[in-house]
Amino acid sequence: MARIQIFSSFTEKPHVFSSHSFSSFTRPYYFPVHFKTNTSKSLKFQSKISCAYKPTLNSASEINSNENFNEIDDKLREECGVAGIYGDPEASRLCYLALHALQHRGQEGAGIVTVHDNILKSITGLGLVSEVFNESKLDQLHGNLSIGHVRYSTSGSSSVLKNIQPFVASYRFGSVGIAHNGNLVNYNLLRNFLEERGSIFNTSSDTEVILHLIAKSKARPFILRIIDTCEKIQGAYSMVFITEDKLVAVRDPYGFRPLVMGRRSNGAYVFASETCALDLVDATFEREVYPGEVIVVEKDLSVQSFCLMPRRDRKACVFEHIYFSLPNSVVFGLSVYQARSEFGKILAMESPAECDFVIAVPYSGVVAALGYASEAGKSFELGLIRSHYVGRTFIEPTQGIRDIAVELKLAPVKAVIEGKNVVVVDDSIVRGTTSKKIVKLLKEAGAKEVHMRIATDILSVEQLCDSIGADSLAFLPLEKLKNVMGDGYCYACFDGKYPVLPQPVEWDY
Ligand SMILES: O=P(O)(O)OC[C@H]1O[C@H](OP(=O)(O)OP(=O)(O)O)[C@H](O)[C@@H]1O
Ligand SMILES: NC(=O)CC[C@H](N)C(=O)O
Ligand code: SF4
Ligand SMILES: [Mg+2]
C-alpha cells in the first residue's frame, strides 16, 4: 500500500485552498540530497541522472550505440509542455490554446485527449500545434475534460509518432491518459524490470513505464495507484492524467519542472506548465502544484490534494529561468522576466565592455540584454532580427537542422552594426552553435568588435572564445547566478550536483 498523507480535502468548497493546507505543505522537509555525479560505465544510460544529464565521451558513445538514443547528444532535453482542463464545455479548444502558449517548450509533436461518453479520444501528431490540429480535428474532441502535451523528447526517438503524448492505455479498471514533462532517471531499470515480467512496450519513451506501473499496482482506488507509481519512479515529473471522470495533476517531490493551477470564471480547473498558458485561456492563477503534490479534480469539480512521501527540499530547475520558460510567465513563484533582467544587470557589473551599444540574441537573450544595457548605461539596439517563422534552434533534434536554423532565424541589421563595437548578450551557450554563427554574421555585417556576454555560466566549452571568433567572451559565474536565485534550485547542469541518482528496483509484483 502506498504511504500517503491526505493533505486536505476540498469537496465542499473546491475553490478554496486553506492557509492551513498551504503552510503544512510548504514546511521544509530536509533530506540528504546532492549525490555526486557518477558517470561510470556501469550506470550506462542511467548515468542520465537527475532530470537531465551531461554525457561524458563514454556515456555519449554508449548512447550512440543504443537505437533508442541515437538522436541524443549533449543537450538539455527538459522542456515539454503539459496542460489539463476540467469543467469547461470547450475543454479541447482551451487545451489547444494552452498548447500554443507552451509551444516554445516542445516542437517535435503535440497531442490532446478528451473524454466523451466515457471514451478517451486522442489526437496526436508530429510537428507544431498548428500543424497537428485544425478545426475538423478539434471538432472530434468533445467533452469538458481534456489534457494535452507538446513534446521535446528526453528519451525515445523524436520523430516517431508513437512517442508523441498524451499516451492513452486501457487496463482492467478503465482507461487512463498521461501527459508528462520530465525525465525518469530509472527508466531503463524500470523498463527492464517490467519486460522481464512480461510487459510489452509500445513506445521508446520513458513516460510509458508510468502507465505500466499504474496498471500493475495493487493499490486501490486510482489515486493510490498513481501515488504507488510515483514512489517507484525517480527523476523529474510534472504530469497530468485523464481518466473517464478525473483529472489528476502531479509534481515530483523535488519540483524540478513547473506546474501551475488556475481557474476560469466558470469554475473550470486549468493546469499548465507555465502561467502564460493560464493567461491565454483566461484562467486566474491560483497557485503552483507543490513539489510532491497530487491534485485530483472530480466530475463535480471537487478537489483533493495528496502529498507524496517523503517530501524533499525543492530543486527547481534553474534553466526554466535562464532559457526554457517565457518571460511573461511566473515560474516557481518568480517572474522569469525579472530573473533574466537581474542576470543581465549582474553580468554588466561583472563583465563590462567598451561598446557603442548592446544587442541581444533574440529571442531568449532579449531580457538579459535589456538588463545589461540598463546597468551599463548603454542603449539597446535591435542588431539581430529573428524570423517569426523558425522555432527554437536549441531544441531542434539534430545538429544538421540546428546549423541551418540559426542562419535561417537570425539576420544582422547592417545599418546598425557596421563599424560598431557591440556587446551581444545571450542567455546561454551549450554547444556553441548559435554564438559561433552570430559572431560570424555580425562580423560579415561589418561589426568592428563583437563582445559576447552570456547571462549564465558556460556549460562545458573550452577555448570557446577562440572557437566562436569573438573579441571577448564573458559569462555570469555560477556563484553570482546562485546569489540571484538562492536555494531551492537545481544547478546540476553547471556543478554536476545531481539531486537524484537511479536506485535499484527494490520491490516486486
Ligand atoms: O550553444 P547552442 O547549442 O547554440 O545553444 C544555446 C542557444 O540556444 C538557445 O536559443 P534558441 O534558438 O533555442 O531559442 P530562442 O529562439 O528562444 O532564443 C539559447 O538561447 C542560445 O541562444
Ligand atoms: N522534455 C520532456 O519533458 C519529455 C517527456 C518524456 N520524457 C519524453 O521523452 O517524451
Ligand atoms: S539544472 Fe538540474 S533540473 Fe535543470 S536541466 Fe539541469 S539537471 Fe535538469
Ligand atoms: Mg536563444
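Q: Which residues of α8 are buried?
A: This is a predicted model, and a residue counts as buried here if 20 or more other C-beta atoms lie within 10 Å of its own. Helix α8 spans residues 222–230, and eight of its nine residues are buried, so the helix is largely enclosed by the rest of the structure. The buried ones are Phe-222, Ile-223, Arg-225, Ile-226, Ile-227, Asp-228, Thr-229 and Cys-230.

Q: What percentage of the residues in the protein is buried?
A: Let's step back from α8 to the whole chain. The protein holds 18 helices and 24 strands. Out of its 509 residues, the buried share is 55%.

Q: In what order do the strands of the open seven-stranded sheet come?
A: Pairing in this sheet is antiparallel. Neighbouring strands are turned against each other by 15° on average, ignoring direction. Reading across the sheet, the order is β4-β3-β5-β2-β11-β10-β12.

Q: Why is one side of β4 and of β12 left without a neighbour in the sheet?
A: Strands of a sheet pair through backbone hydrogen bonds, either parallel or antiparallel. Here β4 (119–126) and β12 (284–288) each have just a single partner strand, so one side of each has no neighbour in the sheet. The reason, then, is that both stand at the edges.

Q: Which residue in β12 does Val-260 stand opposite?
A: Strand β10 covers residues 260–263. Four bridges join β10 to β12, and the two run antiparallel. Opposite Val-260, in β12, you'll find Glu-288.

Q: At about what angle to β5 does helix α3 run?
A: Helix α3 takes in residues 91–101 and lies across β2, β3, β5 and β11. In that group, β5 is the stretch 145–151. The helix runs to β5 at about 25°.

Q: How far apart are the end C-alpha atoms of residues 80–300?
A: An unreviewed UniProt entry places the feature "domain: Glutamine amidotransferase type-2" at residues 80–300. Over that stretch the chain is 25% helix and 34% strand. Its end C-alpha atoms are apart by 29 Å.

Q: Which strand gives the largest share of the shell around ligand 2?
A: There are 18 residues around ligand 2, and Cys-80, Tyr-152, Ser-153, Thr-154 and Asn-181 come nearest. By class, the shell has two nonpolar, eleven polar and five charged residues. The largest share is four residues, and they come from residues 174–184, strand β7.

Methods: Residues numbered from 1 in each chain as written. Chains lettered and ligands numbered in written order. Predicted model: local features only at pLDDT ≥ 70, side-chain atom pairs only at ≥ 80, totals over all residues. Near = placed C-beta within 6 Å. Nonpolar A, V, L, I, M, F, W, Y, C, P; charged D, E, K, R; others polar. Pairing = 2+ DSSP bridges. Axes fitted to C-alpha atoms, helices over the stretch in contact; angles between N-to-C directions. Contact = placed C-beta atoms within 7 Å. UniProt positions renumbered as here; feature names shortened; annotations may be inferred. Buried ≥ 20, exposed ≤ 12 C-beta atoms within 10 Å, placed from the backbone.
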